[in-house]
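Student: I would like a close look at one part of this structure, set against the chain it belongs to. Please take the residues one at a time and give the reasoning behind each assignment.

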Amino acid sequence: IQALENVKIADPSDNENLTLLLRAYVESGRIKDAIKAYELASKNEPQNKTIRYLLGVLHRTDGDYTSAIAQFKEAIQIDPEYGDAIFDIGATYYNWGVDIIKVADEKGQETEEFKEKFKQSLPYMEKAVKMRKEDSQVWETLGTIYARLGEKDKAMKAFEQADKIRKGN
């Protein structure tokens with residue numbers, strides 16, 4: 001890490017080095033340092049959708065859903081059909097909703113607050129499933145969202161599609 005940080009100091013615009021530094025930070029559990037490195041990379045190449053996407057993944061890993069979604073949206077502005085970013089916006093809203101449910105459960109409380117995050121996830125997951133028709137995980141997540149929002153028929157169809165894919169049909 002120290003050698004890569006020295007290269008970064010010498011040439012902060014070297015995104016290849018920043019990518020290696022990111023991996024080193026992630027592998028050593030230094031997510032906040034990785035975020036700083038990728039924020040620099042995004043300043044160096046503001047139109048690089050991959051850097052924006054990876055910065056979003058790092059923010060989500062760090063629990064900062066708002067910043068993660070902002071970065072994924074930046075990636076989609078660069079490439080409106082960027083499937084990974086579209087899926088990950090939906091997944092981030094979904095994870096945020098799941099976290100709301102977990103916190104309420106830990107407190108022994110009922111909440112409907114998660115529904116707003118699931119509703120925000122829905123258009124992205126619906127688009128992602130069109131782009132990843134053979135991905136059972138996307139169908140499963142979409143089914144869970146529909147179920148939590150009370151759309152039982154849509155949920156059943158999504159779960160059935162996930163099962164078909166897993167069984168190879």
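Tutor: Thr19 is a useful starting point: its relative accessible area is 26%, and because buried requires under 20% and exposed over 50%, Thr19 counts as partly exposed. This residue is found in helix α2, which covers residues 15-27. Thr19 and Ala34 are 15 residues apart along the chain, and their C-alpha atoms are separated by 9.2 Å. The model is a predicted one, and every value here is computed from it.

Before the close look, some context on the chain. The protein chain has nine helices and zero strands, so the order of elements from the N terminus on is written with α alone, as α-α-α-α-α-α-α-α-α. Its C-alpha trace spans about 60 × 40 × 30 Å along the principal axes. Of the 169 residues in the protein chain, 41% are buried. Among contacts with a separation of 6 or more, 47% are between residues 24 or more positions apart. The accessible surface comes to about 9500 Å², and carbon and sulfur atoms hold 48% of that surface. As for charge, there are 26 positive and 30 negative side chains, and the centres of these two sets lie 4 Å apart.

The part to examine is helix α6. This helix runs over residues 83-106, a total of 24 residues. At 1.5 Å a residue it should span 34 Å, and because its end C-alpha atoms are 34 Å apart, the expected and computed spans agree. After α6 comes Gly108, which has a positive phi, near 70°.

Within this helix, Thr92 deserves the most attention. Thr92 is placed in α6, and its relative accessibility is 0%, so it counts as buried. Setting aside neighbours within four places in sequence, the contacts of Thr92 are with Arg60, Tyr65, Ala68, Ile69 and Phe72. With Arg60 there is also a polar contact: the two side chains are joined at 3.0 Å. Another residue to place against Thr92 is Val57, which is 35 residues apart from it in sequence, with 9.1 Å between the two C-alpha atoms.

The partner in that polar contact, Arg60, is found in helix α4, residues 49-61. Its relative accessibility is 19%; because the limit for buried is under 20%, Arg60 counts as buried. Beyond four places in sequence, Arg60 is in contact with Tyr65, Ala68, Phe72, Asp88, Ala91, Thr92 and Asn95. Tyr65, Ala68 and Phe72 appear in the contact lists of both Thr92 and Arg60.

Ala91 is also placed in α6. With a relative accessible area of 10%, Ala91 is buried, because that value is under 20%. Not counting residues up to four places away in sequence, Ala91 touches Arg60 and Met125. Gly29 lies 62 residues from Ala91 along the chain, and the C-alpha atoms of the two are separated by 22 Å.

Met125 carries the description on to helix α8, since Leu142 touches Met125 along with Leu122, Glu126, Val129 and Ala158, again not counting residues up to four places away. Leu142 lies in α8, which takes in residues 136-148. At a relative accessible area of 3%, Leu142 is buried, because its value is under 20%. One of its contacts, Glu126, is 16 residues away along the chain, and the C-alpha atoms of Leu142 and Glu126 are separated by 7.1 Å.

Taken together, the residues can be followed as a path. Thr92 of α6 is joined to Arg60 by the polar contact of 3.0 Å, Arg60 is in contact with Ala91, Ala91 touches Met125, and Met125 is among the residues touched by Leu142.

Technical notes. Residues numbered from 1 in each chain as written. Predicted model: local features only at pLDDT ≥ 70, side-chain atom pairs only at ≥ 80, totals over all residues. Heavy atoms only, no water. Helix = DSSP H or I, 4+ residues; strand = E, 2+ residues; numbered from the N terminus. Expected span 1.5 Å × (residues − 1). Buried < 20%, exposed > 50% of the residue type's maximum accessible area, 1.4 Å probe, protein only. Contact = heavy atoms within 4.5 Å. Polar contact = N/O pair within 3.5 Å; in protein donor to acceptor, adjacent residues only side chain to side chain. Areas by Shrake-Rupley, 256 points an atom, 1.4 Å probe, with all protein chains shown as cover. Lys, Arg positive; Asp, Glu negative; His and termini not counted. Charge placed at Lys NZ, Arg CZ, Asp CG, Glu CD.
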